[in-house]
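Please walk through the fold of this chain, its interior and the surroundings of one ligand.

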Amino acid sequence: MTGEETARVLVTGATGQVGTELARAAWPAGLTPVMAGRETLDLSAPEAAATVVRDGAFSLVVNPAAYTAVDAAETDEALAERVNGEGPRALAMACATAGIPLIQISTDYVFDGTKAGPYVEDDPVAPLGAYGRSKLAGEVAVRAECPRHVILRTAWVFSAHGKNFVKTMLRLAAEKPELRVVADQHGCPTAAHDIARVVVEIARQIVLDGRDDAWGTYHMAGAGATTWHGFAEAIVAAQAARTGKRPPVHPITTAEFPTPAQRPANSVLDCGKLTRTFGLTPRPWPDTLADVLAELAG
Ligand SMILES: NC(=O)C1=CN([C@@H]2O[C@H](COP(=O)(O)OP(=O)(O)OC[C@H]3O[C@@H](n4cnc5c(N)ncnc54)[C@H](OP(=O)(O)O)[C@@H]3O)[C@@H](O)[C@H]2O)C=CC1
Ligand SMILES: Cc1cn([C@H]2C[C@H](O)[C@@H](COP(=O)(O)OP(=O)(O)O[C@H]3O[C@@H](C)C(=O)[C@@H](O)[C@H]3O)O2)c(=O)[nH]c1=O
Ligand SMILES: [Mg+2]
């Protein structure tokens, strides 16, 4: 065989926050990402999506694509279930048939938030809303259909691209005299580029090192816990240095900010298993926030 062989890695959701960072990431020699957008791999048509896996001679599939509109999912649960539950099931079955592993991206919103401390991987799940239920269905399907899987639960994802809390707060800080943000929901902001770094290294260990002892579920979220209010304050403070605008960010309760979907009061993730198994440590979220704000500032 020639020395030019490379393992093809199918990546779904090419246009999303994580997909965009996976496309830009530094992949090692020997791994070639093959990015698939919705036009070639539509998870709302699970059977058709699975044919992409069957026909592509891949060594691994990474699935960050998802229905991510948390509030809209409450009135659109059938579609969320298809994209986040049945889509991953079809991918997992196709992966198992092809004899290749699957890295599935999941969410902190599978938890109900009633635990007092950080969540570990085998804590009981009990999603509060339709989005969390649909993502949990995806986890269950992946475990059932494709034993060689890594499910990576992340949280509060932000990046310079797409729709996210950081960009919403920057817009509000530019437009409003003051902001009101919930201070009783605790979690871990996570930069999409840090998720991509971790996914690439897990892919390297699985495909290039031939690691066969690490299948299962892992938490991967920015180091350091905060609240949405704490996160907003950090965003507005950092931005003030650039714009001179620093509207006050008032802490409010969840009851003062009604939304269609209920969100967990605590979804802080303990990422120790990721570190112990793969030697990977999520970066502190304030450092990754600085990266993203610098990228947005150009
Ligand atoms: N965003 C967050 O805060 C968090 C996200 N997660 C999980 O991380 C993963 C990545 O999230 P993130 O990058 O932020 O998501 P985005 O919302 O930024 O991107 C979602 C991606 O999925 C694609 N997509 C949506 N519907 C379909 C479909 N029917 N078929 C194929 N592709 C589809 C979108 O395509 P298009 O551009 O065409 O719409 C887009 O590329 C998801 O699995 C999500 O559940 C976990 C925790 C937090
Ligand atoms: C815009 C705004 C939001 N909020 C609150 C509402 C909510 O409780 C919290 C976050 O709102 P968002 O809608 O940005 O975030 P949300 O859509 O809940 O984000 C979630 O997305 C999915 C995909 C995940 O998997 C989760 O990990 C999580 O990141 O902030 C305020 O308090 N004030 C505001 O001005
Ligand atoms: Mg939202």
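What share of the contacts in the chain with a separation of 6 or more comes from residues 24 or more positions apart? Such residues account for 83% of them, where two residues are in contact if their C-beta atoms, placed from the backbone, lie within 7 Å. The model is a predicted one, in which local features need pLDDT of at least 70 and side-chain atom pairs count only at pLDDT 80 or more, while totals for chains, interfaces and linings use all residues. Residues are numbered from 1 along each chain as its sequence is written, and chains are lettered from A and ligands numbered from 1 in the order in which they are written.

The chain holds nine helices and 12 strands; these are DSSP runs numbered from the N terminus, with H or I and at least four residues for a helix, and E and at least two for a strand. Its C-alpha trace spans about 65 × 40 × 40 Å along the principal axes. The radius of gyration is 19 Å, which agrees with the value near 19 Å for a compact globule of 298 residues; this radius is taken over C-alpha atoms, and the globule rule is 2.2 Å times the number of residues to the power 0.38.

Of the 298 residues, 46% count as buried, meaning that 20 or more other C-beta atoms, placed from the backbone, lie within 10 Å of the residue's own. The largest nonpolar core has 85 residues; such a core is a set of buried Ala, Val, Leu, Ile, Met, Phe, Trp, Tyr and Cys residues joined through C-beta atoms within 7 Å. Its members L60, V61, L91, V199 and A203 touch the most other members. Helix 6, residues 192–208, gives the most to this core, with 10 residues. Leaving aside residues up to four places away in sequence, L60 touches V9, I100, P101, I103, A203, I206 and V207.

Helix 6 is largely enclosed by the rest of the structure, because 12 of its 17 residues are buried. Among them are A192, H193, D194, V199, A203, I206 and V207. From first C-alpha to last, helix 6 reaches 23 Å, close to the expected 24 Å, which is 1.5 Å times one less than its number of residues. Just after helix 6, G210 takes a positive phi of about 65°.

Around ligand 2 there are 20 residues, the closest being T68, V70, T107, F165 and V182; a residue is counted if its C-beta atom, placed from the backbone, lies within 6 Å of the molecule. Strand 7 supplies the largest share of this shell, four residues.
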